[in-house]
Amino acid sequence: MKYFLLPLSLAFSATTATAQPTPAQSTTTPTPYTLPGSTTRIVTAPGGEAYRLFVHIPDSPPPPQGFPLLYVLDGADNFPIAVATALRLARAGARSGVEPGIIVGIDSGTLQRRARDYTPRFDRPATREGQPGHGLPTGGADAFLDFIAYVVQPALAKEQRIDPARISITGHSFGGTLALHAALTRPAMFSNVTAASPSLWLADEAMLRQVQNLPQNLPQNLPQTLPVRTGNTKNAPRLPALILTVGEQEKPEPLHRFAAALTAKNYTVRARILSGEDHGSTMPTTITEAVRAAFKSEKK
């Protein structure tokens, strides 16, 4: 028997030539990716400033009492993550315990506006030299919460059936501070408050002193004093449930002090240290918890 050997280079070339993939052919024109059920709009505050809102509406009919609603601060960054998370969990249904809900992201705008809108008015300078936001205007938190309560919320309620007993808020850093300020000063405004890496260092931990000065044994049931959580509800609103998170690479002590002080005043608080996370990465992880708290199924 005779054997014929091809030169190695020729044999290799023949093999590789037949293995070349066919280049992919594009048959459609690329289009922008959009989040299902999501739109943007401009809403003007009483002072004339325009705010961009991102609004997600579920594609299913609302339950008899209306959809739960979650406000997401720093909406340009966090709204897409919140919507994608909510859609994924709602698809899982009973396995996740999450039902569809409305998500409203509010764009913070410039750094200057964010520092102003998300910080309360304190009895001393909010920041010191070298701290984030130093030199920027602060103290506009109450005006911003009024904007949500008296402008944004009524406009949404005209368009969608919303459960007034299930309105929540989540924020990060300065945004987490704003959410906690609402929980302390307007406890009937939100049913769940989730704060990722809140800036509790502001004004030398002024918010901790604020909690410590609250009356002892705050009543769990609250008078219905704000339009955000009033309506045909069977029971009076309760103190909001709080979720606080901080990254493992941050300093957890201020958050632990704050959580302990809140618990002593009758708030329901869950505080977590997020393994491996730093200040900038805690919000994506925390959003899942915010969505679960806001859209937890009430089906028996």
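1. A word on terms before we start: two strands count as paired if DSSP finds at least two bridges between them. By that rule, strand β7 (residues 241-247) and β8 are paired in the parallel sense, with 7 bridges. One position to look up there is T245, whose bridge partner in β8 is R272. Helix α7 (residues 253-264) packs on the sheet at this place, where α7 touches both β7 and β8. The direction of α7 makes about 165 degrees with that of β7.

2. Please keep in mind that this is a predicted model. The protein chain has a mean pLDDT of 88, and 84% of its residues reach 70 or more. Residues 1-17 are another matter: their pLDDT is below 50, and beyond near neighbours in sequence this stretch has 0 contacts in the model. Where pLDDT is low, the predicted coordinates should not be read in detail.

3. Now to the sheet as a whole. It is open and built from 8 strands, in the order β1-β2-β4-β3-β5-β6-β7-β8, with mixed pairing. β1 (38-44) and β8 (268-274) each have a single partner strand, so one side of each is left without a neighbour in the sheet. On average, neighbouring strands of this sheet are turned by 20 degrees against each other, direction ignored.

4. At the β1 edge, how does β1 run relative to strand β2 (residues 50-56)? The two run antiparallel and are joined by 7 bridges. Within this pair, V43 stands opposite Y51 of β2. The hairpin of β1 and β2 has 5 residues between the strands, and G48 in this hairpin takes a positive phi near 100 degrees.

5. If you are thinking about cavities and pockets, here is one to view. The second largest pocket has a volume of about 340 Å³. Its lining consists of 14 residues, and those nearest the centre of the pocket are P198, W201, E250, K251 and P254. What is the make-up of the lining of this second largest pocket, by nonpolar, polar and charged residues? The lining divides into 7 nonpolar, 4 polar and 3 charged residues.

Terms used. Residues are numbered from 1 along each chain as its sequence is written. This is a predicted model: local features need pLDDT of at least 70, side-chain atom pairs count only at pLDDT 80 or more; totals for chains, interfaces and linings use all residues. Side-chain values use heavy atoms; hydrogens and water are left out. Helices (H or I, at least four residues) and strands (E, at least two) are DSSP runs, numbered from the N terminus. Axes are lines fitted to C-alpha atoms, for helices over the stretch in contact, and angles run from 0 to 180 degrees between N-to-C directions. Contact means heavy atoms within 4.5 Å. pLDDT is the predictor's confidence in each residue, from 0 to 100. On a 1 Å grid over the protein atoms alone, a cavity is a set of points where a 1.4 Å probe fits but cannot get out, and a pocket is an open set with protein on both sides within 12 Å along at least five of seven lines; lining residues have an atom within 4 Å of a point. Grid points are joined across faces, edges and corners, and a volume is the space filled by probe spheres set on the points. Ala, Val, Leu, Ile, Met, Phe, Trp, Tyr, Cys and Pro count as nonpolar, Asp, Glu, Lys and Arg as charged, and the others, Gly among them, as polar.
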